[in-house]
Amino acid sequence: MERPMIEHKDRSATTHEVVAELRRRSAFVMVSHVKPDGDTLGAGLALGLALRAIGKRVAYFQQDPVPRNLRFLPDADQVSRAVPADLPGDALWVFCDMSDASRAGEFLPPIDHANTLNIDHHLANSRFAGLNYILETECSTGTCVLRILRALGATITPEIATCLLTTIMTDTGGFMHSNTTPQVLRESAELIELGANKEEITSQVFANKRFAAVCLLGAALGGMRLDDVGRYCYSVVDEVMLAACKADGEDTEEIIQHLRAVEGVEVAALFKAFDGEVRVSLRSTGHVNVQSAAGRLGGGGHFRAAGLTFVGTVPAALAAVHEALRAEGL
Ligand code: AMP
Ligand code: MN
Ligand code: MN
């Protein structure tokens, strides 16, 4: 069989080029990022479901387990760290919602560059793949996938619609962030008309909090700090707090939005010091570019939502992040 070739391109691939590549391939592996969220997982599942419906073989790779609040997604039980041994040589590895391939973690087998597709909406995507479909103005990777599905002429089933609406609701914070454009609302309405189960997404992703999560929220809010001028609010969650609440990393999700919601605050940060690393989440109300700040410390993200993993102690992380934020105009 003739081996399809895709060249590295500095520009983003067109939707047409992506569709042509999908049609050429017989097998796919959808790859989501570490500490998966509803966008990386929902985008991969939506595309995977659509490709399976047209007779393609699809597997799902994700280093970390599916978070509890996303297990309701169709086919979420097929996602794992194990890759099928009998994949054809021309399987296309589709990285969803990653500014860099390293965000997929450390357990990927070696992959031929020509067999990679990168679908994403982050600022400063490193364009690591053979084919890069990067739409920075999209609210989610899921809406990038929606463009592809439309061009492919795929039937958007209720299952696919639920996956796509989950990506939108995750990355717009339930239609609250500034990326909630009229277009996003129109597309969400269409997805609901196509059968997306908005009630289930709302209850699974946004309600349904474990007692442990609310306990941890209380502990994190109890320890929050405000800088001298009231523009920077931050808190730390460590192993001791997790143990006291019988909580785990998944229970930290909602904390940062409360820090950003404090009146006058322009940047919020949550320092997650457990599992042997210090991961930092950053959120901005729009004045400070937290993607640039995170980028100074090896991380990335979006203008108003970014993250990084800090190598060092919590006090060192606090100092370095504050410094990076100041450099970006905090
Ligand atoms: P989080 O605070 O984990 O919800 O992440 C917010 C945004 O920052 C998401 O778009 C992530 O993809 C991005 N992000 C988080 N951590 C990292 C990291 N270590 N490197 C690059 N981007 C990150
Ligand atoms: Mn993501
Ligand atoms: Mn995203």
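Aspartate 39 counts as buried at 0% relative accessibility, where buried means under 20% relative accessible area, exposed over 50% and partly exposed in between, with a 1.4 Å probe and protein chains only. The model is predicted: local features need pLDDT of at least 70, side-chain atom pairs count only at pLDDT 80 or more, and totals for chains, interfaces and linings use all residues. Residues are numbered from 1 along each chain as its sequence is written, chains are lettered from A and ligands numbered from 1 in the order in which they are written, and side-chain values use heavy atoms, leaving out hydrogens and water.

Asp39 is one of the protein donors of the manganese ion (ligand 3), which lie 2.1 to 2.3 Å from the ion. Donors are N, O and S atoms within 2.8 Å of the metal (3.2 Å for Na, K and Ca); water is not among the atoms, so sites may look incomplete.

| Donor residue | Donor atom |
|---|---|
| Asp39 | OD |
| Asp97 | OD |
| His121 | NE2 |
| Asp171 | OD |

Aspartate 97 coordinates both this ion and the manganese ion (ligand 2), the two ions being 4.0 Å apart. Aspartate 39 lies in helix α2 (residues 38–53) and aspartate 171 in helix α4 (residues 158–171), so the pair ties together parts 132 residues apart in sequence. Helices (H or I, at least four residues) and strands (E, at least two) are DSSP runs, numbered from the N terminus. Aspartate 171 is also buried, with a relative accessible area of 16%.

Helix α3 (residues 141–152) is mostly covered, with nine of its 12 residues buried. Among them are Cys144, Val145 and Leu149. Just after α3, glycine 153 takes a positive phi of about 70°.

Note on methods
Expected span 1.5 Å × (residues − 1).
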